[in-house]
Amino acid sequence: MNRFPRNMGFNFVFWAFYFLYEWLGNAAVGSEYRRYAINAAVIVPITFGATWFTVNVLIARYFLKGKRKIFWLLFAFSAIVFTLARRAFNYYYTYPLYYPEGQETMSYWFPPKLLIEAVNTYLIVALYAMFYFLRAWYEQQRTTQQLQRDKAEAQLELLKSQVQPHFIFNTLNNIYSYAQQHSGQTPELIYRLSALLSYMLYDSRQTTIPLSKELEYINNYIALEKVRYGKRLDVSLNVFDPVDHFSIAPLLLLPLVENSFKHGASNNIRDSWIRVDIALNGDWLSVKIENSCDGREHNGNGSKNGIGLENVKKRLEILYPGRYEFKCIKEHDSFLTILKLKKSIHEDTLHDRG
């Protein structure tokens with residue numbers, strides 16, 4: 001919680017208004033501006049002292065730290081001190097000067113007057129404390145939300161860092177093998193791997209990217225994987241609608257495509273196939289990825305290592321809360337993943353401005 005002196009703007013406004021109230025608010029009734037200016041010059045500092053001591057010393061150091069008995073003892077003592085100080089000003093200055101007729105019959109320790117002085121002082125203390133702690137609560141909420149955003153971003157970075165690092169090593173081994181054979185495909189493979197790494201290192205840092213860029217990245221991935229599996233794998237990527245205006249979180253679709261290779265083609269000795277369909281229906285993007293399988297994986301794709309599909313689910317919860325549908329369908333000889341994403345209003349606004 002911020003200390004009392006650090007909230008300079010709030011303090012200045014609050015005490016300026018209170019000073020004007022004690023001065024002009026009272027003076028306007030009888031046009032006694034000099035009298036109430038002097039009154040405000042004394043009463044406001046006394047109330048300020050009572051407020052500062054109550055909030056920053058008693059509440060901050062004792063009440064909030066569970067030292068309630070000490071808090072109440074010191075609060076009672078300080079309330080008596082500040083009440084007597086305010087009473088002393090009125091008794092020895094205000095009453096003799098402006099109400100001399102009542103001074104002779106009234107004692108300094110007259111209980112009703114002491115009670116009035118205490119109430120007048122600690123009503124302002126309570127009002128200040130209310131505004132002060134409301135402001136502190138608001139700042140705490142804002143800090144908590146920022147921490148949650150930072151945590152979510154850190155979690156996303158961790159999830160993205162888990163995306164198929166083994167793929168890079170497999171691809172490098174393939175390129176090395178082609179280089180040894182002096183294959184003409186080696187330069188193209190190096191170019192595609194370079195584009196892949198550039199995407200993963202730089203483009204993936206953005207919050208969203210055009211879907212077309214994600215698909216370009218997936219095309220490079222598929223091309224590199226085709227080298228590994230050769231003719232025994234048939235892969236088709238079908239985009240049925242223009243997707244330039246649709247944005248997506250980077251590296252969101254890749255784990256689904258990678259999953260279809262890892263748990264489909266890699267486990268099939270015979271010919272296998274993978275089909276990726278991309279379509280748009282209004283504000284919804286539909287992604288269907290289906291691959292052949294030999295029926296031996298009864299737990300479903302991605303469930304063994306806990307990274308592929310679980311990674312996607314976690315990212316969807318963070319990035320698209322309430323704006324996605326995700327399901328997997330396991331058949332005897334195929335596995336189908338369906339992902340639907342709804343475009344946000346923010347994306348529409350950015351597109352219109354562009």
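## Briefing on a predicted single-chain model

Of the 354 residues in the chain, buried ones make up 39%; buried here means under 20% relative accessible area, exposed means over 50%, and partly exposed is in between (1.4 Å probe, protein chains only). This is a predicted model, so local features need pLDDT of at least 70 and side-chain atom pairs count only at pLDDT 80 or more, while totals for chains, interfaces and linings use all residues. Residues are numbered from 1 along each chain as its sequence is written, and side-chain values use heavy atoms, with hydrogens and water left out.

**Overall make-up**

- The chain has eleven helices and seven strands; these are DSSP runs (helices are H or I with at least four residues, strands are E with at least two), numbered from the N terminus.
- Take the contacts (heavy atoms within 4.5 Å) between residues at least 6 apart in sequence: 72% of them join residues at least 24 apart.
- About 20400 Å² of the chain is exposed, and carbon and sulfur atoms supply 59% of that; accessible areas come from the Shrake-Rupley method with a 1.4 Å probe, and for residues only the protein chains shown count as cover.

**How far to trust it**

- The average pLDDT (the predictor's confidence in each residue, from 0 to 100) is 80 for the chain, and 80% of the residues score at least 70.
- Element by element, strand S5 (residues 284-292) has the highest mean pLDDT, 92, and helix H11 (residues 345-353) has the lowest, 47.
- Residues 1-5 stay under 50 in pLDDT, and the model gives them 23 contacts beyond four places in sequence.
- Another stretch with pLDDT below 50 is residues 298-306, with 13 contacts in the model beyond near neighbours in sequence.

**Aromatic pairs and a cluster**

- Searching the whole structure turns up 21 aromatic pairs; rings of Phe, Tyr and Trp (its six-membered ring) pair if their centres lie within 6.5 Å, with planes under 30 degrees apart called stacked, over 60 edge-to-face and the rest tilted.
- Trp15 and Phe48 are an edge-to-face pair, because their ring centres are 5.2 Å apart and their planes sit at 70°.
- Trp15 belongs to helix H1 (residues 8-30) and Phe48 to helix H2 (residues 33-63), so this pair ties together parts that are 33 residues apart in sequence.
- Trp15 is buried at a relative accessible area of 9%, whereas Phe48 is partly exposed at 33%.
- Tyr91 and Tyr108 also pair edge-to-face, with ring centres 5.5 Å apart and planes at 85°.
- That second pair links distant parts of the chain, 17 residues apart: Tyr91 is in helix H3 (residues 68-98), and Tyr108 is in the loop between helix H4 (100-103) and H5.
- Both Tyr91 and Tyr108 are buried.
- One aromatic cluster takes in Phe10, Phe14, Trp15, Tyr18, Phe48, Tyr128, Tyr132 and Phe133.

**A nonpolar patch on the surface**

- Leu127, Met130, Phe131 and Leu134 make up a nonpolar surface patch with about 360 Å² of accessible area together.
- The patch rules ask for residues with over 30% relative accessible area and no salt bridge, joining like charges within 9 Å and nonpolar side chains (Val, Leu, Ile, Met, Phe, Trp, Tyr) within 5 Å.
- For that rule, a salt bridge is a side-chain nitrogen of Lys or Arg within 4 Å of a carboxyl oxygen of Asp or Glu.
- Met130 sits in helix H5 (residues 111-161) and counts as partly exposed, at 43% relative accessibility.

**Helix H9 and the loop before it**

- Helix H9 (residues 254-262) is largely enclosed by the rest of the structure, because eight of its nine residues are buried.
- The buried residues of H9 are Leu254, Pro255, Leu256, Val257, Glu258, Asn259, Ser260 and Phe261.
- Leu251 lies in the loop between strand S3 (247-248) and H9, and counts as buried at 2% relative accessibility.
- Check the backbone at Leu251: phi is near 60°, a positive value in a residue other than glycine.

**Two buried residues and their contacts**

- Phe326, in strand S6 (residues 324-330), is buried with a relative accessible area of 17%.
- Neighbours within four places aside, Phe326 is in contact with Leu256, Leu309, Val312, Lys313, Leu316, Thr337, Ile338 and Leu339.
- Phe326 and Lys340 are 14 residues apart in sequence, and their C-alpha atoms are 6.5 Å apart in space.
- Asn39, in helix H2, is buried too, with a relative accessible area of 12%.
- Not counting residues up to four places away in sequence, Asn39 touches Glu22, Phe89, Asn90 and Thr94.
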